[in-house]
Amino acid sequence: MPRFLLSVLIGLSCTLIFAWSGTLARPYAYRHSWYPKAWRPEPYTGQTSLPLSQTPEMQKKCHDLCEATGLQLRRQVQDGQAVKIVTPGPYTRCPTSGLDYGVMNWGDFIVVCPGQAHKQPLFWDSRCGEVLNEWRTPSTMDDDARLRDHWLHAHTCYAIGDYATARAECEKIRAMGKSEGDLLAVQVHLASGQPEQALKLCDENLKNGQDDSWLQARYSCLLDLGRAKEVLEGKPGPVERCMAQLEADQDEEAARSLAELSDQALFKAYGLMALKRYDEARRECSNAIRDQGWQADYTGNAIVVGVLCDWLKGGADDDARQFLSKGLKEAPKTWPYPLLRYLNRELCEQELLEMAQPNLSHRIEARFTIGFDLLAQRSDLAHARSLLREAEPYGHFFESMTAHSLLKSL
């Protein structure tokens, strides 16, 4: 056999042995979907996850629970009570995603299953007393009823992540010469990466004498535009002030602002992580779940930050494994659940980024998670920096704030 061919065979054999043994797992098994799944390491927690799976039976159960919730709220209205789910629980929660139903209320009300748990939207409309899969506008309405229709439609679409329709409905409200949809439109623009349009809406409403909520919304726009000094020159709320201080590299001032916060456990976790105070950040993640429960909208984010902080501070893996294992069982199965599956080594980087691609917030959270995972594993720091820089520019996201602070030390 020629020496050249022998060398090639030996090199190929060594490569296959290294790949099988996990030597090459970090750069390939966790990054590329073409890497054979059979060669990937076992799940980090020792167990596989239970990702969201939609079945006709689960959709029928959600349909029935959503209808029951709507009928209960209608009875409350008839009894002169507020339109509010008084005791959220298994009977007012989507069985597929694990998320509580949302309620949009303006005279009439909508009970919506949030989080895109189903292939089609699912909501109960008090105007017709039915569970619907598509919006139904009453055929004969006066101007006030049309205004409410656009408002309810916009908020329902925002709850399920349909930002394009939510924006279109807000624009219809503006076309009526009304401003009732503008505050939601600001949130839609920010969620879509359009801070300039959001800032323009804020300035218009502030000129018309709108209340302080518009000023706070303006600060979020300025943070997205990298204008932290303008935020600090105003009168921001404690969260916006702390975010601006971190963006302006005023770490000591940010630490004092964090110490003043008593009821913002999840934000404090991100802020403490930005200051590299990983033990304290980890405790705040547990506090956030204690306060809100394992089925809250942002439980998955608290789990991600908690696991990453456990890894970043070093030491034994037991706490991180137990925390992630509990989260995989209990947390809602919609986004950010895929982030937990990535941390459990069931999804690789490419697979996670493809799942996150349609939504700006998801893209930021995915890059944040992958970047800090690489930092914690001390693997491919150049790639970690690149991912965190992509997440950094969107200043009103907690992940962007933390990425900005940690990039300074890289």
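I began with D373 and R345, whose side chains meet in a salt bridge at 3.0 Å, N to O. I then looked up where they sit: D373 is in helix α18 (residues 360-376), while R345 is in the loop between α16 (337-343) and α17 (349-356). This pair links distant parts of the chain, 28 residues apart. Buried or exposed, I wondered, are D373 and R345? Both D373 and R345 turn out to be buried.

A reminder to myself: this is a predicted model.

Next I followed shared partners. I found D279, R282, D310 and K313 joined into one network by salt bridges.

Within that group I picked out D279 and K313, which form a salt bridge with the closest N and O atoms 2.8 Å apart. D279 belongs to helix α13 (residues 278-292) and K313 to helix α14 (residues 299-313), so the pair ties together parts 34 residues apart in sequence. I checked accessibility too: D279 is partly exposed at 43%, and K313 is partly exposed at 36%.

Then I widened the view. How many salt bridges does a search of the whole structure find? My search of the whole structure gave 27 salt bridges.

From these I noted D251 with K408, where the closest N and O atoms are 3.2 Å apart. D251 lies in helix α11 (residues 251-260) and K408 in the segment after α20 (398-407), so this salt bridge ties together parts that are 157 residues apart in sequence. I have D251 down as partly exposed, with a relative accessible area of 30%. K408 is partly exposed as well, with a relative accessible area of 39%.

Note on methods. Residues are numbered from 1 along each chain as its sequence is written. This is a predicted model: local features need pLDDT of at least 70, side-chain atom pairs count only at pLDDT 80 or more; totals for chains, interfaces and linings use all residues. Side-chain values use heavy atoms; hydrogens and water are left out. A salt bridge is a side-chain nitrogen of Lys or Arg within 4 Å of a carboxyl oxygen of Asp or Glu. Helices (H or I, at least four residues) and strands (E, at least two) are DSSP runs, numbered from the N terminus. Buried means under 20% relative accessible area, exposed over 50%, partly exposed in between (1.4 Å probe, protein chains only).
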